[in-house]
Amino acid sequence: MKSSFLLSALLCAAVASGQGTTPGSTTTQTSPTTGSNQLQVRGPEAVAKQDPTRVVATINGKQITAKEAESYLSAIPPDQLKRYESNLSAVVQQIYMSQQLAQQAEKMNLDQQSPWKEQLQLTRENILTQAYLNKLTSSSTATATGDPQQYYNAHPLEFDRVKLSGIFVAFNPPGTPASGSASSRTEPEAHAKADDIEKKLKAGGDFATLARTESDNQQAASRGGDLGTYSVGDPQLPASIKTAIQSLQAGQSSEPIRIPNALLIVKLDSRTKLTFDQAKPEIQQKLKNEQSQAAVKQEVDKYKIQVQDPAFFNQTGTSSVHTPSLARPGDATAPPPGATTPHR
C-alpha cells in the first residue's frame, strides 16, 4: 500500500538524518545526579504520562513537549517503531518537519493541484480500503465457525510431520548449454554419482558428512543436508518423495529420487504425529484464516471487471484480466525438498 511505502521512507529518512540517539525503552535507571537516589523515568510513554508539558526537544525554535513528541511517535505502528527505537529523536524531527512542510504546501493550495490532488485522494482511498478489509476480516472471525476436531479427523496427513535431510546430485537437462558447474553432468553421470553415494551410505557412511561433501545444494549441504520439517499432507511435497518416505524408518535413507534437474537421496530423520491438543491452536488459526479469506474474496468478487472495449485497455486477443488481490499475502513457508534448487 502506498501509505505504508511512504511511512517506511519517512522512518528510513529519519534514521539516516538523525544525529543523536534516544533510547526507546520505558525502563527506569538511577539518575546521574551525584548523591541522588531518585529514579529517572525514561521512554516516550512514561515521560509523557508523568510530565506531559516537559520540553523534550526544540526544532527550528519550536519547543516540543513530551506529550507532543509522544503523539508523533504513537502514530507509527509499534512493530515499525521498534526498528528505530535507538533514534527516536530523528523520527520526531522527520515527522515534525513533514507536518510543517505539508502545511506550507496547503497554504500554496498544492493539495488542490494535479497531480498531488489525485495522489492524495488515491492514498486516502487505499488507507480506507485496507481499514474496511481489516474490519471485515476481524468481524468474520469474531464468531469463527468450523469444528477443529472434525478438521483434525478429516486431514490426518496434515498433522503427520517428517524431518528430512537430503543429498542432491544435479544434472544438466538435455538440450541446455553446459554451465561449467556440477549441473553440467549428464543425467546418466548423475545416476552414476548418486548410486555411488547410495553404496557409501549402505556401507555405513555418515549421511551428514556425505551431504556436506557431495550435495550440489550448498545451502542444505552446509547444514549436513538438513531440509527442515514438512507435513506429509503438504500438496507441494512431491508425490515421489511422499512415496519414498512412507517405507522408511527413522534414520533410513531412500534410493535416488528423480526431481527436476537433479537426483535426491532423502533421509527420514524423524516422524511425529501431532495429537489433537497439539494441533488444535494451528487448526483454529487455519479455520479463521480460511474464513477471513473467504469473506474478502466474496467482497472483492463483486467488483470483477468485464471489459467492454479491449481497445481502450490496449488489450489484444482474448487474454483474461488479472485482478490484483487486496488481501495481504500469507507468511512464506519453506519450499518442499523437490522444489529446492539443486545447485546455487
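The following paragraphs describe the fold, the sheet, the nonpolar cores and selected residue environments of a predicted model.

The chain has twelve helices and eight strands, and buried residues make up 30% of its 344 residues. Among the contacts in the chain with a separation of 6 or more, 63% are accounted for by residues that lie 24 or more positions apart.

Four of the strands are arranged in an open sheet with the order β6-β5-β8-β7, in which the pairing is antiparallel. Strands β6 and β7 (257-259) stand at the edges of this sheet, and because each has a single partner strand, one side of each is left without a neighbour in the sheet. From one strand to the next, the twist averages 40°. Within the sheet, strand β5 (residues 160-170) is paired with strand β8 (residues 262-273) in the antiparallel sense, and this pairing extends over eleven bridges. Ile167 stands opposite Ile265 in β8, while the bridge partner of Val169 in the same strand, β8, is Leu263. The pairing of β5 with β6 is also antiparallel and comprises five bridges, with Ser165 placed opposite Asp226 in β6. Strand β5 is mostly covered, in that ten of its eleven residues are buried.

Two helices are found against this sheet. Strand β5 pairs with β8 over eleven bridges, and helix α8 packs on the sheet by touching β5, β7 and β8, its direction making about 40° with that of β8. Helix α9 (residues 207-214) likewise packs on the sheet, where it touches β5 and β8, and its direction makes about 40° with that of β5. Within helix α8 (residues 187-202) lies Glu198, which is buried because its relative accessible area of 13% falls under the 20% cut-off. When neighbours within four places in sequence are left aside, the contacts of Glu198 are with Glu255, Pro256 and Ile265; of these, Ile265 is the residue of β8 that stands opposite Ile167.

The nonpolar interior can be described next. In soluble globular proteins, nonpolar side chains tend to be buried together. In the present model, the largest nonpolar core has 18 residues, and those with the most contacts inside it are Val162, Leu164, Ile241 and Ile245. The elements giving two or more residues to this core are β5, β6, α11, β7 and β8, and β8 gives the most, with four residues. The surroundings of Ile245 illustrate this arrangement, since, apart from neighbours within four places in sequence, Ile245 is in contact with Val162, Leu164, Val266, Leu268 and Arg271. A second, separate core consists of 13 residues, including Tyr72, Leu88, Val91 and Tyr96.

These four residues of the second core recur in a helix-helix contact. Helix α3 (residues 66-74) and helix α5 (residues 88-107) pack at an angle of about 85°, with their axes 10 Å apart; because this angle lies in the range from 65 to 115 degrees, α3 and α5 are roughly perpendicular to each other. On the side of α3 the contact is made by Ala69, Tyr72 and Leu73, and on the side of α5 by Leu88, Val91, Val92, Ile95, Tyr96 and Gln99. Classified by residue type, the contact of α3 with α5 has eight nonpolar residues, one polar residue and no charged residues.

A further pair of strands precedes helix α3 in the numbering. Strand β3 (residues 55-59) and strand β4 (residues 62-65) run antiparallel and are joined by four bridges, with Thr58 standing opposite Gln63 in β4. The two strands form a hairpin with two residues between them, and Asn60, in the turn, has a positive phi of about 50°.

Finally, the loop between β6 (226-231) and α11 (239-246) contains Gly233. At 32% relative accessibility, Gly233 counts as partly exposed, because this value lies between the 20% limit for buried residues and the 50% limit for exposed residues. The C-alpha atoms of Gly233 and Phe159 are separated by 7.6 Å, although the two residues are 74 residues apart along the chain. With neighbours within four places in sequence left aside, Gly233 is in contact with Leu157, Glu158 and Lys242.

Terms used: Residues numbered from 1 in each chain as written. Predicted model: local features only at pLDDT ≥ 70, side-chain atom pairs only at ≥ 80, totals over all residues. Heavy atoms only, no water. Buried < 20%, exposed > 50% of the residue type's maximum accessible area, 1.4 Å probe, protein only. Contact = heavy atoms within 4.5 Å. Pairing = 2+ DSSP bridges. Axes fitted to C-alpha atoms, helices over the stretch in contact; angles between N-to-C directions. Core = buried A, V, L, I, M, F, W, Y, C linked by side-chain atoms within 4.5 Å. Parallel < 35°, antiparallel > 145°, perpendicular 65-115°, else oblique. Nonpolar A, V, L, I, M, F, W, Y, C, P; charged D, E, K, R; others polar.
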